[in-house]
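Dear colleague,

I am passing the structure below on to you, together with some notes on what was found in it. Please have it open as you read.

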Amino acid sequence: MAEAAVTFLLQKSDNWLSKELSLSDDVKVGIKRLNSELSMATAILKDLDAQREQSNQIQQWIQLLRGVTYEIEDVLDMRAYQISHQNTHWSIAVWSGIGNHSIGSLIKEIEANITSIKDMRTSNEKTVSSHPASTSSAHHESGIAPLYTPEGEIVGVEKQRKELASWVLDLERAYKVMFVVGMGGSGKTALVKLVYDQLKTDFDCHVWLTASKSVSSEELLSIMLSKLCNKTAQHSVNPSQALQDLASTLNNYLQDKRYLIIVDDLWTTEVWDGVKYVLPRNNCSRVIITTRRGNIASSCRESWVDVHRIQALPLEKARELFRRRSFPQSGVFPSATGQSSWVENLLGKCEGLPLGIIEIGKVLSREKSESELKKLHDSLQVEVASGQLSSIGRLLLLSYDDLPYNLKCCFLHMSMFGEYYLVKRRTLIRLWIAEGFIPTTIGKQVEDIAEEYLHELIERNLMQAGELDFDGRPQTCRVHTLMHKIALSKSETEKFCTIWTNHRCEISKQTRRLSIQNTEFTMANKDMRHLRSLFACLKTKTTIRISSGFQLLKILHLDGASVDAFPKGIEDLVLLKYLCLSNTRIKSIPSSIGQLQHLETLNLKHTFVTAVANALTKLAELRHLLICRYNFYGYPSFDAVIGFNVSTEISKLTNLQKLSFVRADHKLIRELTKMKELRKLGIIDLPSNSGPILCEAIQILKDLYSLNMTSLHRKEVLHIQGIDNPPPLLQRLYLKGRLEKMPQWISKLHDLVRIRLKWSRLREENNPITILGELPSLLELQLLDAYKGDRLDFLAGRFPKLKILDFDQMEELTVIRIEHRALPCLQKLIISRCQNLGRIPLGIENVPQLKELRLGDMPRQFVEPIRRNGPMRREVEHIQKIHSTHLQNGTHCALDDLS
């Protein structure tokens with residue numbers, strides 16, 4: 001909302017004041033006065049934000065105030081640029097952009113503007129106060145409609161209904177609570193209402209409560225007691241009853257009863273905390289809570305709490321619901337090709353969300369011509385925000401309104417990416433940090449705080465996780481298409497960013513962020529001094545030249561742009577914090593990059609850069625240096641990772657946290673000991689004689705959580721036995737190259753969650769699973785040509801948390817045996833190119849939780865027995881997904897589904 005941008009800029013201006021910008025005392029006093037004014041303005045904006053219906057005067061006042069904050073940002077950024085840049089010509093050019101005024105005179109002008117805005121607010125104060133904050137009807141709509149939806153109109157919940165009913169009737173535990181979690185409009189209330197109506201008479205008493213945002217725990221308890229007592233007429237309820245008495249009365253009433261309680265639309269942890277301690281945990285009672293906020297459910301660690309996450313409707317069920325709402329008479333889609341195509345497109349925008357399907361279906365029941373369908377499709381953002389689909393917008397906006405201001409900024413940032421776009425988690429985190437959305441906290445890394453922000457947005461169902469990593473964290477994330485429309489609409493209203501989709505788009509002087517999507521954009525001769533972030537994916541081959549109008553840019557994201565050289569003029573972006581040129585064809589880094597003194601992230605992954613200029617070592621603020629290329633064609637090869645050469649001067653970058661993949665030499669390894677902030681290190685081309693100094697360096701890097709080491713060539717030995725005190729926080733370990741014996745220090749890595757041993761060629765007396773099986777936190781193990789023995793035995797009690805087990809090219813291996821109660825958490829088993837392995841692992845039926853078996857280029861005699869009706873099929877019948885692939889022509893895989 002409005003206060004988010006202002007509060008955010010207020011924090012930034014405080015930060016600027018704390019830095020040395022060579023400001024005079026008078027100027028600093030003036031800026032502090034501005035901060036004081038902005039602080040008061042922020043408090044007012046928060047109050048105004050509660051008013052869903054804002055007058056035109058209030059909206060104008062908010063826009064003027066936002067403009068003032070941007071003026072302050074311009075002044076301070078221009079001053080920072082002037083100090084950072086050593087070229088007088090550029091300094092004068094930038095300063096002329098604000099009319100050759102001094103900072104002092106500009107501050108006076110800004111103060112005058114603030115005074116004018118305050119006067120405007122004062123004159124309108126009576127008008128504002130005479131229109132009290134309206135209560136949104138969205139809560140009412142979301143809570144009432146599902147309660148009165150006929151059962152026959154609810155589609156696609158049969159399986160979930162059966163599961164929830166089974167949970168209610170299960171008498172294994174005396175007391176249970178179920179959180180039903182999903183985004184707004186996902187059908188939580190409708191599902192629970194079906195189960196409630198079906199089973200409520202099986203209980204001694206039952207009650208349905210609607211929490212909503214405005215209800216306190218005391219009010220909820222009072223309503224609960226009132227409803228229960230009115231049904232039995234055994235108790236009278238005093239509305240003014242003290243909380244303690246109220247809780248005692250309710251607890252006594254429920255003490256000897258088996259009850260079913262539904263709390264619909266819960267928004268705060270505090271309300272549930274105030275209710276749960278009142279409810280007696282006995283008699284197989286059940287409580288079901290619906291909420292959008294999965295973080296509330298996740299915060300409940302009690303053994304009697306379960307979570308059910310609502311799934312999107314599968315395509316066929318979505319079509320069925322769509323047909324019922326759009327074409328109630330015929331029940332079939334239109335046959336005309338043009339109409340059918342637009343209907344499918346609109347259905348796709350809903351992504352299985354019942355609310356979207358129902359509301360768009362209602363509109364289509366009236367509009368069915370091809371032109372009308374196209375018009376609705378092309379104007380979907382406007383219709384959801386304020387048109388005939390505004391009921392969708394109002395309901396989804398409740399989740400956005402509930403966010404604290406810092407998370408609002410992070411959510412709105414997703415509008416910079418196109419719909420359906422999967423953003424890499426690490427990329428998003430580095431962007432949020434560069435934007436300044438993530439506050440610094442003593443004792444915590446800013447990257448860790450950003451991870452928490454992302455996790456909360458996903459838990460609140462404003463963002464969605466894409467493919468999950470082995471440890472449960474998302475590798476990518478995105479926003480639901482309809483929620484993306486909300487982000488675009490709010491971003492436009494808040495002047496958060498401008499989306500450039502064609503040449504008719506306008507870029508105002510308040511545009512701080514510009515995202516160029518699906519079109520071309522010429523940077524030359526454009527005055528963009530107001531711009532701070534630029535996203536562009538330029539598909540036409542071009543030479544990018546940064547004009548003098550972009551000097552205040554702080555983020556430049558050109559992932560996948562069709563360029564083969566560094567942008568010309570980039571050395572003049574001296575305030576740049578983030579530079580991404582990944583997936584481009586650039587081959588070298590200019591020495592002028594040393595002028596980017598504020599750069600924190602340099603992402604050149606999947607480019608053709610193999611060396612970096614010494615000037616790079618001048619970038620004292622650099623935290624992430626990402627330079628590598630992967631040559632994967634089918635199965636991984638030893639030399640698949642292409643790293644880069646760097647001088648020993650790299651050790652000057654003492655803030656660097658991520659360095660991968662560097663080519664080793666003795667001097668460089670010694671210098672690594674000075675980089676004590678490193679958290680992730682990837683180093684390749686390690687010669688055997690580097691062992692002693694490498695071991696010494698690793699022991700000094702105490703904050704490492706990821707370590708990747710590759711020997712000079714496949715037969716070169718990695719001498720890493722001499723580590724006595726490995727990094728205590730190490731979570732990921734990748735060793736590629738010959739090992740004479742299994743390093744004993746690995747047994748000390750109690751936080752290790754992933755280890756990959758490749759081409760280790762360990763002898764039979766150095767069976768790696770002897771040590772690895774004792775690691776308490778290990779989730780993923782990959783062995784690629786890592787062991788020369790012919791047998792692996794997985795004993796009971798070993799690998800207590802392992803989820804993924806991967807064998808590849810274990811040519812001598814003939815038998816894998818799994819004991820009963822071994823691998824209790826294993827979910828995925830991968831076996832590839834193990835030509836002498838005669839059969840599936842013995843005892844695989846002892847792993848009932850195994851969900852996926854993936855085979856790669858395994859011999860026919862291994863695969864045939866586990867096909868349907870095969871002699872060993874019974875042993876794998878419990879596995880949901882069984883796939884066998886065969887590499888063809890070196891790159892393409894033929895998939896054989898054996899499920």
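Leu783 has Phe807 of strand S25 as its bridge partner, and this pair belongs to a parallel arrangement in which five bridges join strand S23 (residues 780–784) to S25. Please keep in mind throughout that this is a predicted model.

Strand S25 also pairs with strand S27 (residues 828–832), again through five bridges and with the two strands running parallel; here the bridge partner of Leu805 is Leu829 in S27. S25 itself, which spans residues 804–808, is mostly covered, with five of its five residues buried. In a regular strand, side chains alternate between the two faces of the sheet. In S25, Ile804, Asp806 and Asp808 point one way while Leu805 and Phe807 point the other way, and all of them are buried.

Beyond S27, in the loop between S27 and strand S28 (852–856), you will find Arg833, a residue other than glycine whose phi is nevertheless positive, near 55 degrees. Is Arg833 buried or exposed? Its relative accessibility is 18%, and because the cut-off for buried is under 20%, Arg833 counts as buried.

His606 can be read alongside it, since its phi is also positive, near 60 degrees, in a residue other than glycine. His606 is found in the loop between strand S14 (601–603) and strand S15 (624–626). With a relative accessible area of 26%, His606 is partly exposed, because that class lies between the 20% and 50% cut-offs.

Most residues other than glycine have a negative phi, and most peptide bonds are trans. On the second point, the peptide bond from Ser660 to Phe661 is worth a look, as it is cis, with omega near -10 degrees; Phe661 lies in strand S18 (residues 658–663).

Lastly, there is helix H21, which covers residues 446–459 and has 14 residues, reaching 20 Å from its first C-alpha to its last, close to the 20 Å expected at 1.5 Å a residue. Which of its residues are buried? They are Val446, Glu447, Ile449, Ala450, Tyr453, Leu454, Leu457, Ile458 and Glu459. An α-helix has 3.6 residues a turn, so residues three or four places apart point the same way, and that may help you when you follow the list along the helix. Just after H21, Asn461 takes a positive phi of about 65 degrees.

With best wishes

Note on methods
Residues are numbered from 1 along each chain as its sequence is written. This is a predicted model: local features need pLDDT of at least 70, side-chain atom pairs count only at pLDDT 80 or more; totals for chains, interfaces and linings use all residues. Side-chain values use heavy atoms; hydrogens and water are left out. Helices (H or I, at least four residues) and strands (E, at least two) are DSSP runs, numbered from the N terminus. The expected span of a helix is 1.5 Å times one less than its number of residues. Buried means under 20% relative accessible area, exposed over 50%, partly exposed in between (1.4 Å probe, protein chains only). Two strands pair if DSSP finds at least two bridges between them.
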